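Me: I am new to this structure and would like a close look at one part. Could you walk me through the surroundings of the ligand and the strand that belongs to the same story?

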Amino acid sequence: MTDTNSPLVDLSGRRVLVTGASAGIGRATAVLAARLGARVTLNGRDATRLAETLALLAGEGHRTAAFDLSDTDAIPAWVKAQAESGGPFDGVAHCAGVQVGKPVRSVDRAFFDQILHANLLSALALARGFRQKGCHAESGAMVLVSSVAAEIGQPGNVVYSAAKGGLVSATRGLAMEFLRDGIRVNCVAPAMVETEMMERFRQTTTAEQFDAIRAAHPMGFGKPEDVASAIAYLLSDASRWINGVMLPVDGGYLAK
Ligand SMILES: NC(=O)c1ccc[n+]([C@@H]2O[C@H](COP(=O)([O-])OP(=O)(O)OC[C@H]3O[C@@H](n4cnc5c(N)ncnc54)[C@H](OP(=O)(O)O)[C@@H]3O)[C@@H](O)[C@H]2O)c1
């Protein structure tokens with residue numbers, strides 16, 4: 001029988017925490033979530049750039065919450081404080097992340113910890129924070145941002161790939177562990193997206209290398225808004241029967 005109540009992508013009345021909201025994919029996600037009706041809490045480290053994002057948001061009830069997510073042990077209490085002051089969250093979009101390339105011969109413990117903390121342990125700590133009593137609505141959704149780097153071999157990017165691969169596995173595990181809490185957990189895996197992160201990466205390559213990377217993208221590089229759309233869908237009830245998946249948002253990059 002047809003369900004005439006099939007939900008659309010709508011975040012009206014929802015409260016959403018967006019990390020990495022001072023730039024790139026996180027900023028685009030915050031802008032779209034607000035357009036779709038959400039009250040958005042914007043996280044990043046740079047308060048000035050968070051204020052710039054805040055000025056872009058439609059609607060009311062948004063706020064900034066600057067905090068360094070590399071302090072992973074402090075994340076659950078920070079999420080609790082946000083919920084106590086603004087109400088429980090319906091959704092969390094974890095867009096903050098760090099990419100630094102390094103060949104394995106140069107990888108040491110400090111580098112491993114930096115990349116794993118910023119990309120993977122931050123996600124687990126946010127999930128722990130979101131799950132706490134009073135921090136999430138009756139049905140919640142969490143979206144993590146992995147990468148196609150989780151799925152393919154890339155020289156000089158092994159630690160970042162491992163962190164992003166860990167996010168895909170963590171997505172599945174969290175989705176199962178949080179079932180009884182009413183929280184769905186999914187992740188998106190973008191290919192190259194035109195953000196500051198891409199610009200920093202470009203500085204580490206020759207023009208020829210960068211052209212080859214562009215050529216490997218069947219539909220060209222993505223825009224932050226392309227990823228934001230997928231994240232908004234996974235946050236919304238339109239994806240209410242989707243749980244524990246990794247959604248490539250890559251213009252066909254992994255299909256070729
Ligand atoms: N761009 C791509 O090609 C691409 C491809 C695949 C996956 N991704 C993933 O997509 C996500 C967003 O990437 P992007 O391209 O939008 O990156 P970006 O332009 O470099 O922005 C990164 C964001 O993360 C925040 N951030 C970094 N470390 C943080 C920390 N310790 N605490 C709080 N916030 C922190 C930054 O905020 P502050 O500077 O204010 O701290 C900034 O808002 C990342 O997880 C990245 O790995 C990107």
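Reply: Happy to help! A polar contact here is a pair of N or O atoms within 3.5 Å; within protein, one must be able to donate a hydrogen and the other to accept it, and residues adjacent in sequence count only if both atoms are side-chain atoms. With that in mind, a polar backbone atom of Val193 lies 2.8 Å from an oxygen atom of the ligand. A backbone N or O atom of Gly20 is 3.0 Å from a ligand oxygen, and for Arg49 a side-chain N or O atom sits 3.2 Å from an oxygen of the ligand. On its own the ligand has 890 Å² of accessible area, of which the protein covers 94% (areas by the Shrake-Rupley method with a 1.4 Å probe; for residues, only the protein chains shown count as cover).

A word on the source: this is a predicted model, in which local features need pLDDT of at least 70 and side-chain atom pairs count only at pLDDT 80 or more, while totals for chains, interfaces and linings use all residues. Residues are numbered from 1 along each chain as its sequence is written, and side-chain values use heavy atoms, with hydrogens and water left out.

Now the wider shell: 32 residues surround the ligand, each with a heavy atom within 4 Å of it. Ser22, Arg45, Tyr160, Thr195 and Arg200 are the closest. Helix 1 (24-35), helix 5 (158-177) and helix 6 (196-202) each give two or more residues, and helix 6 gives the most, with three. Helices are DSSP runs of H or I with at least four residues, strands are E runs of at least two, and both are numbered from the N terminus.

Next comes strand 1, residues 15-19, which holds Thr19 and also Leu17. Thr19 is buried, with 0% relative accessible area, and Leu17 is buried too, at 1% (buried means under 20%, exposed over 50%, partly exposed in between, with a 1.4 Å probe and protein chains only). The Thr19 side chain reaches the backbone nitrogen of Cys95 at 2.8 Å. Leaving out residues up to four places away in sequence, the contacts of Thr19 include Gly26, Asn43, His94 and Leu126, where contact means heavy atoms within 4.5 Å. With that same exclusion, Leu17 touches Thr41, Asn43, Trp78 and Leu126, among others.
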